[in-house]
Amino acid sequence: DDNTEANSIDYRNGEGLDVTDGTLRFVAKKDRLLFTIDLEKETYCQTSTLEGPAQEPDNIRVLGDKLYVCTDGRTPNGVFGNDEDGWYALFQEIDYVTENAGLDFSEDAMVMYVAFQDSA
């Protein structure tokens, strides 16, 4: 859905924020939505995360043309990438009491850093 009235949307349980090349992205965890905002055009779209493995999105990061999503919860818990070919798992089926706390990359994009925490 392309919308321009951002003030009419409820962003419940907003988490994960990435700003890259004039585009801001974040997730509304409770409603399982990814928001993509074009900061120059002042427009946005929202996309359901129920399609694919990143059903309970938490933290996100964009690198090049890939979107990386940390998920926590029950289905499935992991780190997933998304590009023009679709979703793929980097880490998957991490035990339920562990949750992803975030991810980032080295400046040369050769190393991925992933943080986990005990949610018990």
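**Entry 1: strands β6 and β7**

I looked up the bridge partner of Val 62 and found Leu 67, which lies in β7. The model is predicted, and I read every value below as computed from it. I then traced how β6 and β7 are joined: five bridges connect them, and the two strands run antiparallel. I noted β7 as residues 66-71.

**Entry 2: the sheet**

I followed the pairing outward and obtained an open sheet of four strands, ordered β6-β7-β8-β9 and paired antiparallel. Which strands stand at the edges? I recorded β6 (57-63) and β9 (86-92) there; each has a single partner strand, so one side of each lacks a neighbour in the sheet. For the twist, I noted an average of 25° from one strand to the next.

**Entry 3: aromatic pairs**

I asked how many aromatic pairs the structure holds, and the count is three. One of them joins Phe 26 and Phe 35, with 5.1 Å centre to centre and 15° between the planes. I entered this pair as stacked because its planes are under 30 degrees apart.

I next checked whether these two residues are buried or exposed. Phe 26 has 12% relative accessibility and so counts as buried. Phe 35, at 1% relative accessibility, also counts as buried.

Phe 35 has a further ring partner, Tyr 44, in a tilted pair with 6.0 Å centre to centre and 45° between the planes. I noted that Tyr 44 is buried, as is Phe 35.

I closed the entry with the cluster that ring pairs form from Phe 26, Phe 35 and Tyr 44.

Conventions:
Residues numbered from 1 in each chain as written. Predicted model: local features only at pLDDT ≥ 70, side-chain atom pairs only at ≥ 80, totals over all residues. Heavy atoms only, no water. Phe/Tyr/Trp six-rings, centres within 6.5 Å; stacked < 30°, edge-to-face > 60°. Buried < 20%, exposed > 50% of the residue type's maximum accessible area, 1.4 Å probe, protein only. Pairing = 2+ DSSP bridges. Axes fitted to C-alpha atoms, helices over the stretch in contact; angles between N-to-C directions.
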